[in-house]
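Work through the exercises below with the sequence and the model at hand. Each task is followed by a solution in steps.

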Amino acid sequence: MSLAIGLVGLGAIAKAQHLPAIAATEGVHLAAIASRNATLPDAPSHHGLTEMLAAHPELDIVSLCTPPQGRFEQGMEVLHAGRHLMLEKPPAMSLSEIETLRETAAQAECTIFATWHSREAAAVEPARAWLLERKATRIAIAWREDVRKWHPGQEWIWQPGGLGVFDPGINALSILTRLLHDPVHLKSATLNIPEGRQTPIAADLTLCAGDTPVTAQFDWRETGDELWRITIETDEGDLAQLDKGGAEFSVNGAQICRGNNHEYARLYARMRDLVAQGQSDLDLAPLRLVADAFMTARFNTVAPFDTEAAQ
Ligand code: NAP
């Protein structure tokens with residue numbers, strides 16, 4: 001049996017990753033889409049979620065690929081319609097929204113899956129297994145990319161609830177909280193918000209996991225190549241790097257693991273299996289750290305940022 005998926009929001013990530021991943025995953029198929037602007041030649045296309053749900057009683061799963069603002073209302077509609085729910089990261093705009101989605105899914109006996117695609121990068125599990133045998137003594141995250149290259153035309157990232165630089169930064173936090181056994185706590189944060197904008201363009205975090213200090217630098221003002229790297233020092237004197245967003249892992253300069261990107265195919269296979277087992281998967285640790293940063297940060301206003309022009 002193949003599970004019928006309805007996909008909502010045909011933006012950058014839906015086109016680049018969700019559609020090919022659904023097509024490549026056994027046991028699921030695309031049955032319909034809901035998009036305000038786009039249609040697909042090979043799937044019934046509806047203007048909105050309500051129309052899609054009404055037209056397709058056969059839909060088993062709805063996958064939301066929309067921005068975090070509005071995702072709660074869409075998620076509640078999906079669960080009230082008795083369908084299983086798959087959420088892009090971040091799973092909601094706030095912690096209280098996602099808690100209500102969790103409770104509603106349980107009451108409706110539906111699966112809810114808060115996906116963290118970066119955890120599915122090829123080298124994350126090998127790095128985790130390697131770290132299980134040792135103790136990290138220091139961890140440094142550097143997550144820098146050019147916002148003009150990676151988020152062209154995306155106004156929602158600058159609006160309240162859009163997370164700003166935490167939109168990519170939460171990927172690093174999702175890997176960090178998977179790598180370590182100890183819970184991760186935020187100690188302090190500095191958020192740099194361009195004049196006239198609502199969300200940070202850069203953030204510096206100090207965190208800890210047990211007695212292991214962790215620093216994280218997120219910056220959207222990178223104009224060279226992106227850097228998505230986690231550096232780990234251990235009690236055995238090793239220097240390890242999880243690089244390229246989790247795709248590559250090296251220890252003392254020697255490559256241990258490197259793999260192609262199958263992040264979204266793994267997410268859809270996991271969703272299929274969760275539905276089959278009647279389970280949910282909702283780890284909120286990365287979202288909690290972001291919420292903590294917004295709650296406790298020192299806020300700086302920095303120079304206005306033009307999203308169009310090169311600086
Ligand atoms: P995007 O390119 O802006 O696409 C979002 C789509 O959602 C839009 O194309 C639009 O599709 C729909 N939408 C519904 N309400 C909207 C609203 N009020 N404002 C804007 N769009 C609205 O964004 P994206 O990069 O695909 O990101 C979507 C989600 O995926 C975000 O949570 C993001 O964090 C996550 N994500 C993105 C990436 C990436 O590299 N881009 C990677 C991983 C995860 P219709 O016109 O079809 O209605």
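**Exercise 1. Place Asn171 in the fold and describe its surroundings.**

Asn171 belongs to helix 7; helices (H or I, at least four residues) and strands (E, at least two) are DSSP runs, numbered from the N terminus. The model is predicted, so local features need pLDDT of at least 70 and side-chain atom pairs count only at pLDDT 80 or more, while totals for chains, interfaces and linings use all residues. Residues are numbered from 1 along each chain as its sequence is written, and side-chain values use heavy atoms, with hydrogens and water left out.

Step 1. Is Asn171 buried or exposed? Its relative accessible area is 10%, so Asn171 is buried. Buried means under 20% relative accessible area, exposed over 50%, and partly exposed in between (1.4 Å probe, protein chains only).

Step 2. Leaving aside residues up to four places away in sequence, Asn171 touches Lys89, His117, Ser118 and Trp143. Contact means heavy atoms within 4.5 Å.

**Exercise 2. Examine the backbone at Pro90, Glu109 and Lys244.**

Step 1. The peptide bond from Lys89 to Pro90 is cis, with omega near -15°. Pro90 sits in the loop between strand 5 (84-87) and helix 4 (95-108).

Step 2. Glu109 is not a glycine, yet has a positive phi of about 55°. Its place is the loop between helix 4 and strand 6. With a relative accessible area of 70%, Glu109 is exposed.

Step 3. Lys244, also not a glycine, has a positive phi of about 55°. The loop that holds Lys244 runs between strand 12 (239-243) and strand 13 (248-251).

**Exercise 3. Describe the geometry and packing of helix 1.**

Step 1. Helix 1 (residues 12-24) has 13 residues and spans 18 Å from its first C-alpha to its last, close to the expected 18 Å. The expected span is 1.5 Å times one less than the number of residues.

Step 2. Where is the kink in helix 1? A kink of about 30° lies at His18, shortly before Pro20. The bend at a residue is the angle between axes fitted to the seven residues ending there and the seven starting there.

Step 3. The buried residues of helix 1 are Ala14, His18, Leu19, Ala21 and Ile22. They pack against strand 1 (3-8), strand 2 (28-34), strand 4 (61-64) and helix 8 (263-277).

**Exercise 4. Characterise Arg266 and Thr234.**

Step 1. Arg266 is in helix 8 and counts as partly exposed because its relative accessibility is 37%. Beyond residues up to four places away in sequence, Arg266 touches Glu120, Ala121 and Ala122.

Step 2. Thr234 lies in strand 11 (residues 227-234). At 6% relative accessibility, Thr234 counts as buried. Its contacts, with the same sequence neighbours not counted, are Trp130, Arg134, Lys135, Ala136 and Thr137.

**Exercise 5. Describe the lining of the second largest pocket.**

Step 1. The lining has 15 residues, of which Arg119, Glu120, Glu125, Arg178 and Asp281 lie nearest the centre. Strand 6 (112-114), helix 5 (124-132), helix 7 (166-179) and helix 8 each give two or more residues to this lining.

Step 2. On a 1 Å grid over the protein atoms alone, a pocket is an open set of points where a 1.4 Å probe fits, with protein on both sides within 12 Å along at least five of seven lines; lining residues have an atom within 4 Å of a point.
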